[in-house]
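Here is a set of exercises for you to try with the structure open beside you. Have a go at each task before you read its solution.

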Protein chains: 2
Amino acid sequence: MGVGLVGLGTIGVGVVRAFQQNGPLIDERLGAPLVLRRIADIDLDTDRHVPLDAYQLGRDWKELVEDPSIDVVIELIGGTGVALEVVRGALAAGKRVVTANKALLAHHGPELYAVAREHGGEIAFEASVGGTIPVLRALREGLCADRVSSLHGVVNGTCNYILTEMEARGEPYAACLKRAQDLGLAEADPSFDVNGMDSTHKLAILVGLGMGLSLHPDDIPTEGIEDISPVDIEYAEQFGLRIKLLAIAKQNGERLDARVHPTMIPASSVLARVDGPMNAIQVQGEFSGPTLYYGAGAGSLPTASAVVADVMELARSLRAGAAGRVPPLGVETLHEARPETPGECRGEYYLRFTALDRPGVLATITGALARHGISISSVVQPERHESRAVPVVIMTHSAPERELREALEEAARLEDITAAPRVIRVERDL
Amino acid sequence: MGVGLVGLGTIGVGVVRAFQQNGPLIDERLGAPLVLRRIADIDLDTDRHVPLDAYQLGRDWKELVEDPSIDVVIELIGGTGVALEVVRGALAAGKRVVTANKALLAHHGPELYAVAREHGGEIAFEASVGGTIPVLRALREGLCADRVSSLHGVVNGTCNYILTEMEARGEPYAACLKRAQDLGLAEADPSFDVNGMDSTHKLAILVGLGMGLSLHPDDIPTEGIEDISPVDIEYAEQFGLRIKLLAIAKQNGERLDARVHPTMIPASSVLARVDGPMNAIQVQGEFSGPTLYYGAGAGSLPTASAVVADVMELARSLRAGAAGRVPPLGVETLHEARPETPGECRGEYYLRFTALDRPGVLATITGALARHGISISSVVQPERHESRAVPVVIMTHSAPERELREALEEAARLEDITAAPRVIRVERDL
């Protein structure tokens, strides 16, 4: 069987290395030869530090897709422009397609699955969420007899690296972002990672596979890590908590409560131990209970491992004449998710106010919270300070989001409050 | 498609519940009805607290296996007696078989896979290792493009519960075993769990799937948790370590270093956070790096979730006419493992001597170690005590097992040493 690769970037080079280094292993496991034949990329001049003589190289992806000797097309361009044309074109030509492109799937998934079905092809995308971690297979096949009630994922390695560094070194966000960029763990323009949107795309895919629900990324409230301060990480530690950027989806009766935001979680939880650029997804099932899947969320070789495993899966079903044995999302048709009404979900909150250091300031703040029915589980009293503004840290009991927002609006109008409070959600059920 | 269940014990009842509660979900995901039709068990009198009117009940498994309306047979008897007949009989009758029976697979796997192949059937056994965790799927399909260099697993929930309790309460082994039995987490005769043999069976299965190597359980050096003392757990904590019963397999050149024993691992590792009856398997791949799979290793409903997922997988390949799309172990033929020569493997060791509290005792012990080239990384000095025997705790640097054993034999002959030393291996690469 023949394989064509479109896009020779970091992951593409990893795929070439996997075929070169593990070729005999792959053929033995498949029981048939699987050959990388063609590579298409607009840039054929840059040295990739990997021998390319064995492949037919070209700049035009259309030629690759039309080549009858190519059975499986790997799309590793990224984005929703040319990549969409490549994937749609390959599927329409009856090819099997492997992609790692979460933005493409989050925005055009249903359309592409339909094209695949219509032309008897298949599409696989394990590498689109959690990099090397076979979490999509776990949801689609390992947990297929069970109903998933919630998902909690650390699915962006850039953010997790930055938060881990901030905690380990006590340095501010900007310095840790800079280090991530120097190490190649963050892009020159990191906004898509640090603002949470990348996690949101991945959550939409996880919700489809795990819960059988279709959810548009625009319907997922999203908050990034740009405003997290080392001081919040320190307070979290005092409460036995750590801060992670979590992608969360919870079945709440008929509603789906799905969101992406920095979250304080128990330091003793397995998810809290996911450090640096690693990813993990914890799944709560009604029968299976909690399961968790951990591994490298990005990187050339780890991601390539997942991409080539997908190629092998498609080759296996091609050989067995079993295209569509399992639909890409585990079911033929997703149900429409009914997102939770904003403000309806409940949760515990960490609140850090910045207030003038006057007697009675704590009573003023807690009074504002009490008037909205927000009950407090603990308070860290401000130390007396040379400067006039001090932090007042409050942990609430479980409270409805709407009441909390109203209380915070009232508190913001208090004259002793000098800046907007920092609000971080707390999830203890992990 | 029709399903028959042989063995209505704890997991069998879980399977019945899964079909009852998730029937419509299962049918929707499969795109076809999957019906539990028949149940066979020698005991049809005990009340299982689950309605059984919808099923054809009988005491004879042979009738069930010969029923042409049964496509998939679930074997949940356990052991290697009748269970072997059931599985062999069902496969020979051309049925698909699902089992959770690790002892059966560890001892008769190759024979059963051959029977399946010969009769165009299939056998699936996700629940045999790690209970609900889809780790076998992950190894067989998620990591199939990669070469696995090592496996480290907490795969026995009974042992992990006991060790977690000993650590949390500082209580001795016997008291914590008793509590496990009271909670139904350990059997009346717990020897197979606590002596490590259950973990050894599971390791043999993991090595087959992950590394493509056939390894007989008898070739795996195995040590249980019966001799672990709370004091060892306390010392581990002082060194930033925790004690887990690990099933370990490492590729060491052409050799396979596979063993089961209590192991000290870094408290900061994800595996160290696996508490109570939970299981986790960490896999090191050349391309994928470390991945980890966590979840309930036992229990009626979690195990049933994995069993029914297997039934669905077999139903899918039956419908697609794709039996044998993936061989049960990921390759048609395993290579024979070449076990590491005993004594050849290297490692760090925790040594707890019990010695008379005399001046110079430490020099005597360290001298014996030094004569065999064992280098020491740290020593916890014995406190002066009322009693005459005191602990002397030594952590070594990496040392060959043979030299360590020789040094310990010499130390055992020293007159100040009053009891055989406690020896626990340390694994830091997690």
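The exercises below go from the whole chain to helix pairs, single residues and the interface.

Before you start, note that this is a predicted model, in which local features need pLDDT of at least 70, side-chain atom pairs count only at pLDDT 80 or more, and totals for chains, interfaces and linings use all residues. Residues are numbered from 1 along each chain as its sequence is written, while chains are lettered from A and ligands numbered from 1 in the order in which they are written.

**Exercise 1. Describe chain A as a whole**

Find how many helices and strands chain A has, and work out why chain A counts as compact as a globular protein of its length.

Step 1. Count the elements, using DSSP runs numbered from the N terminus (H or I over at least four residues for a helix, E over at least two for a strand). Chain A has 13 helices and 18 strands.

Step 2. Compare the radius of gyration, taken over C-alpha atoms, with the globule rule, which is 2.2 Å times the number of residues to the power 0.38. Chain A has a radius of gyration of 24 Å, close to the 22 Å that the rule gives for 430 residues, so chain A is as compact as a globular protein of that length.

Step 3. Look at the extent: the C-alpha trace of chain A spans about 80 × 45 × 35 Å along its principal axes.

Step 4. Check burial, where a residue is buried if 20 or more other C-beta atoms, placed from the backbone, lie within 10 Å of its own, exposed if 12 or fewer, and partly exposed in between. Of the 430 residues in chain A, 53% are buried.

Step 5. Turn to contacts, meaning residue pairs whose C-beta atoms, placed from the backbone, lie within 7 Å. Among contacts in chain A between residues at least 6 apart in sequence, 75% join residues at least 24 apart.

**Exercise 2. Analyse a helix pair**

Describe how helix 6 and helix 7 of chain A pack.

Step 1. Two packed helices are described by the angle between their axes and the distance between the axes. Here the axes are lines fitted to C-alpha atoms, for helices over the stretch in contact, and angles run from 0 to 180 degrees between N-to-C directions.

Step 2. Helix 6 (residues 157–169) and helix 7 (residues 173–182) of chain A have axes that come within 9 Å and cross at roughly 125°.

Step 3. Name the arrangement: angles under 35 degrees are roughly parallel, over 145 roughly antiparallel, 65 to 115 roughly perpendicular and the rest oblique. Helix 6 and helix 7 of chain A are therefore oblique to each other.

Step 4. List the contact residues. Helix 6 of chain A contributes A:Thr158, A:Tyr161, A:Ile162, A:Glu165 and A:Met166, and helix 7 of chain A contributes A:Tyr173, A:Cys176, A:Leu177, A:Arg179 and A:Ala180.

Step 5. Sort them by class (Ala, Val, Leu, Ile, Met, Phe, Trp, Tyr, Cys and Pro are nonpolar; Asp, Glu, Lys and Arg are charged; the others, Gly among them, are polar). This contact in chain A has seven nonpolar, one polar and two charged residues.

**Exercise 3. Compare two residues**

Decide for B:Leu209 and A:His49: buried or exposed?

Step 1. Locate B:Leu209 in helix 9 (residues 197–211) of chain B. With 26 other C-beta atoms within 10 Å, B:Leu209 is buried.

Step 2. Find its partners. Leaving aside neighbours within four places in sequence, B:Leu209 is in contact with B:Leu136, B:Leu139, B:Arg140, B:Leu329 and B:Gly330. B:Val331 is 122 residues from B:Leu209 in sequence, and their C-alpha atoms are 8.2 Å apart.

Step 3. Now find A:His49 in the loop between strand 2 (35–40) and strand 3 (56–58) of chain A. A:His49 has 7 C-beta neighbours inside 10 Å and counts as exposed.

Step 4. Check its backbone: A:His49 is not a glycine, yet has a positive phi of about 55°. A:His49 lies 36 residues from A:Val13 in sequence and 8.7 Å away in space, C-alpha to C-alpha.

**Exercise 4. Map the interface**

Which element of chain A gives the largest share of the side that touches chain B?

Step 1. Start with the totals: 50 residues of chain A are in contact with 50 residues of chain B.

Step 2. The elements of chain A that give two or more residues to this side are helix 1 (10–30), helix 5 (135–142), strand 12 (289–296) and helix 11 (300–319).

Step 3. Helix 11 of chain A gives the largest share, with 10 residues.

Step 4. By class, this side of chain A divides into 26 nonpolar, 13 polar and 11 charged residues.

Note on methods
Two residues are in contact if their C-beta atoms, placed from the backbone, lie within 7 Å.
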